[in-house]
Amino acid sequence: PLVLDLNRDEAMDVVVASYAEAKVGWHWGDGRGNLPFTQSIGVGKGPHHLFSADWDGDGQPDVGVVCYDEGTVHLLRTGPSGHLQPYKVLKAPIRPRTAAAADIDRDGKPDLVVGGEDPQLLIFYGKNGYTGEPQRLNAPPSIWALDVGDLNGDRRPDIVAGTYTGSSIVTFFNAGFGRWEEPRVQPSGNYNFTLYLGDFDKDGDLDVVTVSARDHVINVHLNDGRGSLSDRHRIGTGQWPIALTLADVNGDDNVDFLTTSIHDHAINVHRNIPVTPPKPVLITIQGRLIDGDTGQEVAGNVSLVDSTAMERAGASEEAFQAQRFTPGKPFRFQVTGGRHILLLKGTAPGYPPAEARLVLPPLKNLPDSIRQKGIYRDLVLRRIQRLRVWGYVTDAEKKTPLRGATVRLTTQSGEVIAELTTDAQGQYEAQVPLGLNHRLQGEAQGYDPAWQVFSLGREHYPQGLRIDLALPPAKAVRSCLEGLVLNQATQAPISGVQIILIDPAGGRRRVTSQNGGRFKGCVPPGPYQVEIIHKGFFPYRDSIVLPEAGLQRNFLLNPVATEKAIVLRNIYFDYDKATLRPESIEELERVVKFLQENPTLRVEISGHTDSDGSEAYNLRLSQARAQAVVDYLVSRGIEGGRLIARGYGESRPVAPNDTPENKQKNRRTELKILGL
């Protein structure tokens, strides 16, 4: 159930779901403890979980319903009178079990995280009105519980999920710009039903608590302040607990735990239960993660598996420790005195794992040096630069291999990694650098192209990644785009220019201008985005609609020159802040490619505002936003010495600040050439 003030009468109301009836009902409280039934509303089949946020921004709490049987999430809004009304229905094709709402991208609107039986999390962003395809994160299967909060103190909301059959919790750290670190999995309870974040030990950070049915316990994972969660501290509760609630039951300003258990029909109250185990006699094992080529410390994850403790305890969660290693401070594990066989393992992005096997003798034979100082062991990592990407190109209809097909691999910014030709079996293979959002496209004469975007990371080591492409036979109707590529200033033809035609599905077709600047490409008719980035010229982007009869079109490229400037379209910031929004990435990546194609250019990135606000405030905001763009370009490998950030505030308008449309024109980011 949910406890909310739906009708704004300062008395708490209760919202419940009926699985059998596929309805959500609400009971308005009368302020005296009575909760008469008020009304109900139909939702999808199999309502499994309720959660709350303000979807429509009216200041009233709204309700979300996860419907397992229907594979949907129903969003209900609270009307002015306090009754729930239909708002939106989201498709969640992962057999959804649970959801949570939080402002993940910090745009002031709640975003939705949905987990379920399939090995993915779905994120629906509020800025899109919860429409379109959700972001998908790879995750263990059978996620029945999750919560969102800042675990590592970087002010970005992270996700923690509990698995039902996997006996684990999974942490997803938010890396910003819509990106997420690789999930961290660690043992927890068996059949986790409910999960919450809260500061249970009152040390200023968020800890994790779950209730697990099969082993009849509450599991508490304490946070070290940097996002590393402890092994579970177990608190016995009722038989087969399926629900957990947090409250200060006795008013002593401590979080207490209440569970509902179904086998013994009980509500179990745990008041002020200490969650720190007794201090044992401990032996310390510490060290660092080291890059074997440079000798520098490397941030990563370190785990310690104690096989002797596994045998003694009979469960792996009793003998597994893991933590995040940060340069400057050694990782540190502790084991109780006695005979141990230990496996120390370190991982970091871009490296294969490093391992060390340690054997500790019985306590009576343990050297005094280890008793007093413990064991110091560095783990040496050797960086993975590239991994194998391979697969087969086939005819999509006949399922036969295509020999001689062209396979092109490019980075997110469009840089060509490899261009290959398939062999007699239709196979290709390439060594590809690690990275996000690489693109693989296959082409063959008589076929339409096929493509796939993929990311290559350390999780693919050592086997690499297989990606097959099935090319559909070319459509019978094709039309041709032809014309000239010309220098806009001199009207001189430009040869060797690569013209990229992007169809609505994201497929890319390339046409290259020949001698005399002439080009011709024949593709299926329809709408296309045209993109050209060529050395010595500003980026070109336009839209065309290619009719069946074909189209004659010349493209005029604007040459770069000192003091020339262009407006960077589609650069967006959070309101009243200098935080780049994820939808800016596509435009920023075009700037990255432009600067890579023109490696000698020095440029100024300038920020401009409208006249709202004080002059001094606008000057500071525009400078911070220009610097945010420069910081992104540097993070993508552009040399910082080539870039200058400058904010001009409201001093250089391009239109009068008299209408919303003109103010929008004045709020802009520009790129100006300072030197060739």
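Start by selecting Cys522: in this predicted model its relative accessible area is 35%, so Cys522 is partly exposed. Now add Cys480, because the two cysteines form a disulfide that ties strand 43 (residues 479–487), where Cys480 lies, to strand 46 (residues 518–523), home of Cys522. Those two parts are 42 residues apart in sequence. Put a distance label on the sulfur atoms and you should read 1.8 Å. Look down the S-S bond next: the torsion is 90°, and the link is right-handed. There's no second one to hunt for, as the structure holds one disulfide. For contrast, jump to Cys67, which counts as buried at 0% relative accessibility.

**Colour by confidence**

Before going further, switch to pLDDT colouring. The mean for the protein chain is 89, and 96% of its residues reach 70 or more. Two stretches to pick out are residues 274–279, where the pLDDT is below 50, and residues 312–318, also below 50. Beyond near neighbours in sequence, residues 274–279 have six contacts in the model, while residues 312–318 have 11. Don't linger on their atoms: where pLDDT is low, the predicted coordinates should not be read in detail.

**Strand 21 and its partners**

Select residues 217–221, which make up strand 21. Is this strand enclosed or open to the outside? Five of its five residues are buried, so strand 21 is largely enclosed by the rest of the structure. Turn on the side chains and you'll see Val217, Asn219 and His221 pointing one way, with Ile218 and Val220 pointing the other. That fits the general pattern: in a regular strand the side chains alternate between the two faces of the sheet.

Next, bring in strand 20 (residues 207–212), which pairs with strand 21 in the antiparallel sense over five bridges. A handy landmark is Val209, standing opposite Val220 of strand 21. Four residues lie between the strands of this hairpin, and in it His216 takes a positive phi near 60°.

Now add strand 22 (residues 233–236). Strand 21 and strand 22 are antiparallel too, joined over four bridges. Check Val217 here: its bridge partner in strand 22 is Gly236.

While you're in the neighbourhood, show Arg232 and Asp215, which form a salt bridge with their closest N and O atoms 3.0 Å apart. Arg232 sits in the loop between strand 21 and strand 22, and Asp215 in the loop between strand 20 and strand 21, so the pair ties together parts that are 17 residues apart in sequence. Arg232 is buried, with a relative accessible area of 10%, whereas Asp215 is partly exposed at 24%.

**More charged pairs**

How many salt bridges does a search of the whole structure find? The total is 34. One of them joins Asp503 to Arg509, with 2.9 Å between the closest N and O atoms. Colour the pair by accessibility and you'll find that both Asp503 and Arg509 are buried.

**Helix 3**

Move on to residues 585–597, helix 3. With 13 residues at 1.5 Å a residue, helix 3 should span 18 Å; its end C-alpha atoms are 18 Å apart, which agrees. Helix 3 is mostly covered, with 10 of its 13 residues buried. Among the buried ones are Ile585, Leu588, Val591, Val592, Phe594 and Leu595, along with charged residues including Glu587, Arg590 and Lys593.

Zoom in on Arg590. At 10% relative accessibility it counts as buried, and it forms a salt bridge with Glu531, the closest N and O atoms being 3.3 Å apart. Arg590 lies in helix 3 and Glu531 in strand 47 (residues 526–532), so the pair ties together parts that are 59 residues apart in sequence. Glu531 is buried as well, with a relative accessible area of 7%. Now select Arg541, Glu586 and Glu587 in addition: with Glu531 and Arg590, they are linked in a network of salt bridges.

**Last stop: a three-stranded sheet**

Finish with the open sheet formed by three strands in the order 30-26-33, with mixed pairing. Which strands stand at the edges? Strand 30 (331–336) and strand 33 (375–376) do, each with a single partner strand, so one side of each is left without a neighbour in the sheet. Strand 26 (residues 282–287) runs antiparallel to strand 30, joined by six bridges. To line up the two, select Ile285 and look across to Phe333, which stands opposite in strand 30.

Technical notes. Residues numbered from 1 in each chain as written. Predicted model: local features only at pLDDT ≥ 70, side-chain atom pairs only at ≥ 80, totals over all residues. Heavy atoms only, no water. Disulfide = S-S within 2.5 Å. Buried < 20%, exposed > 50% of the residue type's maximum accessible area, 1.4 Å probe, protein only. Expected span 1.5 Å × (residues − 1). Pairing = 2+ DSSP bridges. Salt bridge = Lys/Arg side-chain N within 4 Å of Asp/Glu carboxyl O. pLDDT = per-residue confidence, 0-100. Contact = heavy atoms within 4.5 Å.
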